[in-house]
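Trainee: I am new to this structure. Could we go through what the terms used for it rest on?

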Amino acid sequence: MHLVSSELELATILRQGGVIAYPTEAVWGLGCDPFNETAVRRILRLKSRPEHKGLILIAGHQEHLTSWLATLDEETGKRLISQPDTPTSWVVPDSQISPSWVKGEHHSVAIRLSNHKPVQRLCKAFQGVIVSTSANPSGLEPANSIEEVNTYFGENIDAIYNAPLGEASQPSQVRDILTNKLFRS
């Protein structure tokens, strides 16, 4: 288990195509550079997750969402940068920004602007969005501790961010940004 407290070191690992585990608002996540196909496919293999399902992206700051905000009207853009009490990943139309290995079979991508301080620091150090998928093999419960992350993935990931989980009681809800339709509560 390679515990890392430095966001700059974690950002370097991400830029080099690494896969990390990090604490989100409610559960541990696996992350990588979404524009690095090899890293994304590694996460999909670790989780035994089919590519067609797509992955969530997480941002720590509004400026990381500039490309997607440019495609939305003002009101819809405000929804994307809102930070409701319940962590919310918004499904945003995306035909040209996110790579196919992130979107899966969709013409959209789910994106969350996190208010969790460790995520904000990590994304700031990385200078962009990262993949945010729960740290668990498909069919198993998401990891709630560093020990569970280690049990699931051990030396198959490059680092574990030594920071606390947020206080949310469940993973993010997923909603359509245009219709507000709830896909996952």
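Mentor: Gladly; let's take the domain, the cores and the pockets in turn, keeping in mind that this is a predicted model.

Trainee: How do you know that residues 4–185 are a "YrdC-like" domain?

Mentor: That comes from the UniProt annotation, in an unreviewed entry. Such annotations may be inferred rather than shown by experiment, so take the name as the record's own. From the model itself, this span is 30% helix and 22% strand, and its end C-alpha atoms lie 31 Å apart.

Trainee: What makes the 35 residues a nonpolar core?

Mentor: A core consists of buried residues of types such as Leu, Trp, Val and Ile, joined through side-chain atoms within 4.5 Å. The largest one includes L65, W68, L80, V149 and I157, which have the most contacts inside it. The largest share, five residues, comes from α2.

Trainee: Which residues does V149 touch?

Mentor: Leaving out residues up to four places away in sequence, V149 touches A21, W28, A135, A143, G154, I157 and I160. Another core, of 17 residues, lies apart from the largest one and has V4, V119, L122 and A125 among its members.

Trainee: Why is R49 called a lining residue of the largest pocket?

Mentor: A lining residue has an atom within 4 Å of a pocket point, so R49 is counted as one of the 34. R49, G54, I56, V174 and R184 lie nearest the centre of this pocket, whose volume is about 730 Å³. The lining divides into 14 nonpolar, 12 polar and eight charged residues, and β6 gives the most, with four.

Note on methods
Residues are numbered from 1 along each chain as its sequence is written. This is a predicted model: local features need pLDDT of at least 70, side-chain atom pairs count only at pLDDT 80 or more; totals for chains, interfaces and linings use all residues. Side-chain values use heavy atoms; hydrogens and water are left out. Helices (H or I, at least four residues) and strands (E, at least two) are DSSP runs, numbered from the N terminus. Buried means under 20% relative accessible area, exposed over 50%, partly exposed in between (1.4 Å probe, protein chains only). Contact means heavy atoms within 4.5 Å. On a 1 Å grid over the protein atoms alone, a cavity is a set of points where a 1.4 Å probe fits but cannot get out, and a pocket is an open set with protein on both sides within 12 Å along at least five of seven lines; lining residues have an atom within 4 Å of a point. Grid points are joined across faces, edges and corners, and a volume is the space filled by probe spheres set on the points. Ala, Val, Leu, Ile, Met, Phe, Trp, Tyr, Cys and Pro count as nonpolar, Asp, Glu, Lys and Arg as charged, and the others, Gly among them, as polar.
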